[in-house]
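Thanks for coming. I have one structure to go through this morning, and I will take the protein first and the DNA after that.

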Number of protein chains: 2
Amino acid sequence: MNVTGHTRKLSGTAPSIRDVAAAAEVSYQTVSRVINGHPSVKPSTRERVLAAIEELGFRRSATAHALASGRSRSVTVLTANTTHYGYAAILQGIEEEARRAAYSLGIAVLESADESAVRAVVRRAADTGGGLVVIAYDPAGVAALRAVPAGLPVVGVVETPASPPGGDRPWVWTDDRVAAEEATRHLLSLGHETVHYVAIPSSTRRTAPRTAGWRAALREAGAPEPRPLQGGWGPAGGHAAGRRLAGDPAVTAILCGNDDLALGVLRALREAGRDIPGEVSVAGFDDAPSSAYLTPSLTTVRLDFAGLGRAAFGLLHDVVEESARVAPHPVSVPELIVRESSGPPSARPARR
Amino acid sequence: MNVTGHTRKLSGTAPSIRDVAAAAEVSYQTVSRVINGHPSVKPSTRERVLAAIEELGFRRSATAHALASGRSRSVTVLTANTTHYGYAAILQGIEEEARRAAYSLGIAVLESADESAVRAVVRRAADTGGGLVVIAYDPAGVAALRAVPAGLPVVGVVETPASPPGGDRPWVWTDDRVAAEEATRHLLSLGHETVHYVAIPSSTRRTAPRTAGWRAALREAGAPEPRPLQGGWGPAGGHAAGRRLAGDPAVTAILCGNDDLALGVLRALREAGRDIPGEVSVAGFDDAPSSAYLTPSLTTVRLDFAGLGRAAFGLLHDVVEESARVAPHPVSVPELIVRESSGPPSARPARR
DNA sequence: CTGAAAGCGCTTACAG
DNA sequence: CTGAAAGCGCTTACAG
């Protein structure tokens with residue numbers, strides 16, 4: 001037996017379980033047992049193997065493990081965007097939990113909602129062999145969730161669980177509808193005759209939950225129901241919508257589909273010389289980190305996106321590990337944060 | 001020969017090259033040649049194989065390919081953060097190029113700058129077998145870049161190329177020093193006696209490029225050099241720093257290490273009743289998407305982070321593909337964007 | 001408790 | 001131009 005055998009290893013290649021086996025003088029199958037925590041290994045043998053692993057700096061090849069075992073301890077997030085606050089925060093939550101569970105994290109961006117483009121991205125993501133989390137807040141995400149082949153472990157982060165787009169796949173959500181109702185009621189309770197709405201894009205052609213909640217609250221109060229304006233995702237869209245609203249003296253309260261939109265609306269209102277909240281109240285959605293520092297600071301609805309991401313990963317983990325305890329779909333509670341941008345309508349009659 | 005052989009495939013498992021080979025009546029090695037675009041395959045054979053691939057819906061296993069070939073067409077980004085504007089935009093740039101090159105994208109977050117924690121993250125990232133991009137804008141990132149074992153394909157996104165932390169590894173950067181000089185000169189040219197600075201954290205213990213550029217511009221103009229204040233990354237830190245500055249009537253111009261910091265400073269100044277830019281001018285760094293919509297809109301320096309990310313991936317791609325054309329280190333040019341938050345100092349003497 | 005065999009789905013020389 | 005063999009680094013039954 002060549003006692004120096006395991007020492008003359010070329011420095012170029014990483015040590016394999018065979019190298020470890022040689023060093024520990026056992027078969028490589030036993031090495032496999034040790035690194036997998038298999039119970040039936042004699043303690044003294046385990047020690048020797050562990051020592052050899054330590055000495056050689058052995059690391060099990062993730063790809064060989066994946067190929068042989070058929071599972072990969074990885075999760076890839078399918079999303080149309082990585083920078084908007086909500087998306088980024090969900091991603092962050094998923095990442096935190098994935099790291100804790102020692103899963104690797106992949107990102108696949110859905111650049112288009114086009115059927116075949118979406119299928120291509122989903123296929124490639126599925127090729128990794130790991131689990132999938134798809135953020136279905138927009139048409140591309142919804143299409144992706146639908147395109148995931150049955151049998152693959154997947155959980156959706158969806159806008160609304162009423163007929164979730166992925167069929168009976170597991171999902172997590174926040175109750176945006178109720179959140180929008182709350183925000184709208186807050187504005188109405190201040191004395192505004194009605195509340196205008198600047199909407200974010202909907203994930204489907206159906207009425208989005210935030211829009212539905214806003215409308216429900218208006219209806220409940222018997223307030224007029226103005227047509228919602230489409231704002232897109234960013235401040236530019238909010239600015240454009242705000243410009244149109246700023247011209248109408250009857251407008252005294254505006255709810256926005258997210259804080260970025262509200263930022264644009266705020267700017268347009270100021271440009272038009274309207275005081276906030278003196279003449280017009282504005283509320284946003286999401287409570288982005290900067291919203292508390294705007295002037296005026298923004299009244300908004302805080303949504304726990306990071307928690308949502310953590311829950312999504314937790315659910316996925318349950319699914320792939322097939323542990324009996326399938327976590328209940330967690331619903332985080334939105335919280336209204338009242339700040340400086342909302343207040344009672346001005347005393348002077350603003351209506352026509 | 002069983003002509004129905006390839007049809008009775010169980011629907012549970014994905015087809016392998018052997019299934020395709022059987023269907024096309026060739027050896028599986030030939031299938032391998034076809035999917036790898038190997039030239040020496042008779043056209044008619046290629047046709048048959050392609051048809052079989054199409055019919056069976058064959059997809060080459062990424063993990064088997066990685067194991068057998070030793071390369072994985074993947075990149076993982078090591079970063080301390082995924083949500084701050086600069087980091088997120090770099091990530092987005094990397095993602096765009098990775099997608100174009102059909103590389104899969106992984107993220108590994110450095111939760112701490114602790115030596116052993118960083119090593120663990122780097123090891124796990126290296127286990128994927130793909131290339132690495134590390135964002136070395138902070139101590140954790142710098143430590144990670146340094147911890148990457150020699151021989152692995154890696155590129156760093158660094159703060160400054162003067163003695164880059166990763167030794168002679170390839171890197172990309174933006175010239176933050178010059179950018180800070182420009183911004184400071186702009187403020188001085190408006191007539192301010194000097195410019196105060198609220199800093200972002202440095203990647204090392206040495207003077208950060210932005211701080212150095214600010215100081216150089218001051219020196220060049222013979223202006224007093226106030227001590228920089230540490231602001232952290234977010235608006236809360238900017239707010240705290242702004243509060244201290246707001247109390248000093250001698251302060252008429254403030255440069256901030258990023259736009260989030262500037263947002264907090266703006267807020268603190270307003271709370272102290274100081275007019276912007278009437279009494280105090282403020283400038284930021286980065287040109288985040290919301291900065292143009294603040295009131296006042298923010299004078300800032302635009303940095304092409306997405307371009308930086310694209311360049312980083314491009315360089316990495318060159319490295320792993322070993323194509324002779326090693327891209328030159330691309331340097332994007334920062335651009336000063338003058339908006340409403342900066343202006344000449346007020347006529348009334350603000351000094352002691 | 002531990003080894004020898006077969007296999008995961010590919011690629012890479014090596015023959016012909 | 002195409003096939004048969006060996007191997008990538010592991011895991012999974014199967015024996016003993």
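Leaving aside its neighbours within four places in sequence, which residues is Thr63(B) in contact with? They are Thr63(A), Ala66(A), Leu67(A) and Thr128(A), where contact means heavy atoms within 4.5 Å.

Before I go on, this is a predicted model, in which local features need pLDDT of at least 70, side-chain atom pairs count only at pLDDT 80 or more, and totals for chains, interfaces and linings use all residues. Residues are numbered from 1 along each chain as its sequence is written, chains are lettered from A and ligands numbered from 1 in the order in which they are written, and side-chain values use heavy atoms, with hydrogens and water left out.

Back to Thr63(B). Its place is in helix H4 of chain B; helices here are DSSP runs of H or I with at least four residues, numbered from the N terminus. Thr63(B) is buried, at a relative accessible area of 16%. Buried means under 20% relative accessible area, with a 1.4 Å probe and protein chains only.

Now DNA strand C. There are 30 residues around this strand, and Gln29(A), Arg33(A), Lys42(A), Thr45(A) and Ser32(B) come nearest. A residue is near a strand if one of its heavy atoms lies within 4 Å of it. By class, the surface near strand C has eleven nonpolar, twelve polar and seven charged residues. Asp, Glu, Lys and Arg count as charged; Ala, Val, Leu, Ile, Met, Phe, Trp, Tyr, Cys and Pro as nonpolar; and the others, Gly among them, as polar.

What does Arg33(A) approach on strand C? One of its polar side-chain atoms lies 2.4 Å from a base oxygen. Ser32(B) goes to the backbone of the DNA instead, with a polar side-chain atom 2.6 Å from a phosphate oxygen of strand C. For Arg60(B), a side-chain N or O atom is 3.2 Å from a phosphate oxygen of that strand. H2(B) gives the largest share of the surface near strand C, five residues.

On to DNA strand D. Here the nearest of the 30 residues are Ile17(A), Ser32(A), Gln29(B), Arg33(B) and Thr45(B). Arg33(B) has a polar side-chain atom 2.4 Å from a base oxygen of strand D. Phosphate oxygens of strand D lie 2.9 Å from a side-chain N or O atom of Thr30(B) and 2.8 Å from a backbone N or O atom of Lys42(B). The largest share of this surface, five residues, comes from H2(A).

Methods. A polar contact is a pair of N or O atoms within 3.5 Å; within protein, one must be able to donate a hydrogen and the other to accept it, and residues adjacent in sequence count only if both atoms are side-chain atoms. Helices (H or I, at least four residues) and strands (E, at least two) are DSSP runs, numbered from the N terminus. Buried means under 20% relative accessible area, exposed over 50%, partly exposed in between (1.4 Å probe, protein chains only).
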